[in-house]
Amino acid sequence: MMREGSPFKGTATVALKEAADHMTSARMHLIMLLVLLTAIGAVYGAIGRISETTAEDPFLFLKLLTVAREPLPSFAAFLGFLLPLVAIALGFDAVNGEYARRTMSRLLAQPIYRDAVLFGKLLGGLLVITIALLTLWLLMTGLGILLFGLPPSAADIVRGIAYLATTLAYAGVWLALAIAFSTIIRSPATSALAALSVWLVLTVFWNMIAPLIASAVAPIDPLDPMTVVTQYQTQQAVARLSPQTLYGEVTAMLLNPAARSVGPLFFDQVDGAIAGAPLPTMQSLLVVWPQLSGLVAAMILLFTLAYVVFQRQEVRA
């Protein structure tokens, strides 16, 4: 049977309904309160550290995101750790929750295709995350202006916007993963546990697993010094299978204008360079463009998996 009209008709309606449900849910309020408190604590600690050590810096507001004060980590580190939890909380019951409430058949009984339902759920989650990230960034900027007495520079704003876009893509990977599990697994509790297990492995244990895989795939030959470089490159490639590694490399490059590489620097990369001189924003983006593309590709791949599975499912009650 040929489908009539656009398969995406009604996507905006579903997305806005999903966003409204998330914004009014007690679960989302508790998670965002946790993120807000930890972010304020990290920024406040960074402001204290900066005021003690920095008299004048052209990228003062970027340091709010990267400077840490013991025992608190930096603002960027907090987001890298907690944002996947927010995304998983938004998506772990996106599809199987409809089955559990017996509302999927009634939803698809409306003049709306499955395409619009799944795309709307993804876009609704991304909309909520975008609002949360924008609020946190404006709050951080306001605290900086209030305590430093200086507005952010144009370079700070451009790099901050690029950082926000990267963070949204990073959250989108975990949201797409949660939606994929919610499509494949019928129990919301089991899909949440599966998503959290993947997050735990890729966030906490992957840095310990990557060296073991690299040593097995590319062992070091004592008679060949180049095998050390080969093993390091293999370890770096394996580590980049984790979205957190990609996000960390992009964050380090965008929020530190003096950085010139996400890995070890070679002589040809620093030849003629002035020590400590910042890179232009476009040059920094070009360095981490493969990492950015990897995050977007991972999100698309995971959502495609959910899309294919959802199209083949029986939805009648």
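This section describes the fold, salt bridges, aromatic contacts and surface of a predicted model.

The protein chain contains 14 helices and zero strands. Read in sequence order, the pattern is therefore α-α-α-α-α-α-α-α-α-α-α-α-α-α, with each element assigned from a DSSP run. Of the 317 residues in the protein chain, 44% count as buried. Among contacts in the protein chain with a separation of 6 or more, 78% are between residues 24 or more positions apart. The accessible surface of the protein chain amounts to about 16600 Å². Carbon and sulfur atoms account for 70% of that surface.

A search of the whole structure returns six salt bridges. One of them joins the side chains of D21 and K17, with an N to O distance of 2.7 Å. Both residues belong to helix α1 (residues 11-23), where D21 and K17 are four residues apart, about one turn of the helix. D21 has a relative accessibility of 34% and so counts as partly exposed.

A salt bridge also links the side chains of R27 and D93, at 3.5 Å from N to O. R27 is part of helix α2 (residues 26-53), whereas D93 is in the loop between α4 and α5 (96-100), so this pair ties together parts that are 66 residues apart in sequence. The two partners fall into separate accessibility classes: R27 is partly exposed, with a relative accessible area of 33%, while D93 is buried at 17% relative accessibility. The class of D93 follows because buried means under 20% relative accessible area.

R101 and E98 form a further salt bridge, in which the closest N and O atoms are 3.5 Å apart. R101 has a relative accessible area of 48% and is partly exposed, whereas E98 is buried, with a relative accessible area of 10%. This pair is part of a network in which salt bridges with shared partners join E18, E98, R101 and K121.

The aromatic side chains give a count of six aromatic pairs. In one pair, the rings of Y170 and Y247 have their centres 4.3 Å apart and their planes at 10°, so the pair is stacked; the cut-off for stacking is an angle under 30 degrees. Y170 lies in helix α8 (residues 154-184) and Y247 in helix α11 (residues 243-254), so the stacked pair ties together parts that are 77 residues apart in sequence. Y170 and Y247 are both buried. The two tyrosines also belong to one aromatic cluster, which is formed by Y163, Y170, W174 and Y247.

Aromatic rings also take part in contacts with arginine side chains. The charged end of R186 sits over the ring of Y99, at 3.9 Å from the ring centre. For R114, the charged end sits over the ring of F310, and the distance to the ring centre is 5.8 Å.

On the surface, a nonpolar patch is formed by F81, L200, V201, V204, F205 and M208. Together these residues have about 480 Å² of accessible area. Helix α9 (residues 188-217) gives the most to the patch, with five residues. F81, another member of the patch, is found in helix α4 (residues 75-91). F81 counts as partly exposed because its relative accessibility is 36%. That value satisfies the patch criterion, because patches are made of residues with over 30% relative accessible area and no salt bridge.

The surroundings of V262 were examined as a local case. V262 is located in the loop between α11 and α12 (267-270), and its relative accessibility of 26% places it in the partly exposed class. With neighbours within four places in sequence left aside, V262 is in contact with Q236, R240, E249, M253, V288 and Q291. Among these contacts, E249 and M253 fall within the residue range of helix α11 (residues 243-254). V262 and V287 are 25 residues apart in sequence, with a C-alpha to C-alpha distance of 7.9 Å in space.

Technical notes
Residues numbered from 1 in each chain as written. Predicted model: local features only at pLDDT ≥ 70, side-chain atom pairs only at ≥ 80, totals over all residues. Heavy atoms only, no water. Patch = residues over 30% accessible without salt bridge, like charges linked within 9 Å, V, L, I, M, F, W, Y side chains within 5 Å. Areas by Shrake-Rupley, 256 points an atom, 1.4 Å probe, with all protein chains shown as cover. Salt bridge = Lys/Arg side-chain N within 4 Å of Asp/Glu carboxyl O. Helix = DSSP H or I, 4+ residues; strand = E, 2+ residues; numbered from the N terminus. Buried < 20%, exposed > 50% of the residue type's maximum accessible area, 1.4 Å probe, protein only. Phe/Tyr/Trp six-rings, centres within 6.5 Å; stacked < 30°, edge-to-face > 60°. Lys NZ or Arg CZ within 6 Å of the ring centre and 35° of its normal. Contact = heavy atoms within 4.5 Å.
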